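Got the viewer open? Grab your mouse and let's take a walk through this one together.

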Amino acid sequence: MIHSPKQPTSAKLPRRLRRAELPQDTEALARYLIGKTLVRETPRGRIIGRIVETEAYVLGDSASHGFRGLTQRNRSLFLHRGHAYVYFIYGMHYALNVSAGAKGQGTGVLIRALEPVEGIEQMQRNRGIKNIHELAKGPGRLAEALKIDKRLDGIDLCTAKSLWLGDALAPPAPISTSKRIGITKEIHRPLRFYERNNPYVSGPKRLNQ
DNA sequence: AGCCAGATTTTCT
DNA sequence: GAAAATCTGGCTA
């Protein structure tokens, strides 16, 4: 192709969420974020996804990265609510959390899946695949699709230009809960939240009913 | 659709 | 030194 026409943009840019709008309670924040938007601004353009799956890592939760206190890796989890905690796992994947609670609390919400809304071609390029259903289905894929890595660790999602939380473009369908995925401690707690019947949600079928 | 092994490196014990 | 908030491809059915 000779000319590359500018990507179509969605009619409406989400409104940035203010910190005061984010629920103080970690589990409430995980529920609240379902249906909200995650906006990534890059030199190549804007990427917008609708949050369809989250997990809460709450106070006193031995599955939480913050459970054993502050370390070099998890320090962003101890920031005031609304900051990005980006960690590297399994030797090859990044994952994004929103820090929750008060400064020093060490709780957060893992963003597990997005429904692509805008910047789909860029997501396809970042991921090296075409299938829209697999662009951001799972925390590692989501990070790759949005080019999220350590450089974004610790940024304030309520003020940053490069990555931020926006309001819902449309109200979410009913929210279901299940056990969390991929953990070995506190495995029965119902702290995973997802939009029911949404095909962009990750995980096995038995957890998505 | 479900199970399993392999990839690969940071992090903390 | 072991475990890890995962993903992919290959196999079975």
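What follows is a tour of a predicted model, with stops at two DNA strands and one helix.

**Stop 1: DNA strand B.** Select DNA strand B, then show the residues around it: Thr71, Gln72, Arg73, Phe88, Tyr90, Gly91 and Met92. Of the strand B atoms that come within 4 Å of the protein, 65% are sugar and phosphate. By class, the protein surface here has three nonpolar, three polar and one charged residues.

Now zoom in on the polar contacts. Start with Thr71, where a polar side-chain atom lies 2.4 Å from a phosphate oxygen of strand B. Move on to Arg73: here a polar backbone atom is 3.5 Å from a phosphate oxygen of strand B. Then click Tyr90. Which part of strand B does its backbone meet? A base oxygen, 2.5 Å from a polar backbone atom of Tyr90.

**Stop 2: DNA strand C.** Switch your selection to DNA strand C, which has 19 residues around it. To find the ones that come nearest, pick His65, Tyr87, Asn97, Gly140 and Arg141. Sort the residues of this surface by class and you get nine nonpolar, seven polar and three charged. On the DNA side, 55% of the strand C atoms within 4 Å of the protein belong to sugar or phosphate, and the rest to bases.

Time for some close-ups. At Gly140, a polar backbone atom is 2.8 Å from a phosphate oxygen of strand C. Thr184 also has a phosphate oxygen of strand C to look at, 3.0 Å from a polar side-chain atom. At His93, an N or O atom of the side chain is 3.0 Å from a sugar or linking oxygen of strand C.

Next, colour the elements that give two or more residues to this surface: β3 (84–89), β4 (93–100), β5 (107–118) and α3 (139–145). Which of them gives the largest share? That's α3, with three residues.

**Stop 3: helix α2.** Leave the DNA and select residues 120–127, which form helix α2. Show the side chains of Gln122, Met123, Gln124, Asn126 and Arg127, the buried residues of this helix. What covers them? The cover includes β1 (37–42), β2 (45–57), β5 and α3. You've met two of those names already: β5 and α3 are also among the elements at the surface near strand C.

To finish, step just past the helix. α2 is followed by Gly128, and the phi of Gly128 is positive, near 75 degrees.

Terms used:
Residues numbered from 1 in each chain as written. Chains lettered and ligands numbered in written order. Predicted model: local features only at pLDDT ≥ 70, side-chain atom pairs only at ≥ 80, totals over all residues. Heavy atoms only, no water. Near = heavy atom within 4 Å. Polar contact = N/O pair within 3.5 Å; in protein donor to acceptor, adjacent residues only side chain to side chain. Helix = DSSP H or I, 4+ residues; strand = E, 2+ residues; numbered from the N terminus. Nonpolar A, V, L, I, M, F, W, Y, C, P; charged D, E, K, R; others polar. Buried < 20%, exposed > 50% of the residue type's maximum accessible area, 1.4 Å probe, protein only. Contact = heavy atoms within 4.5 Å.
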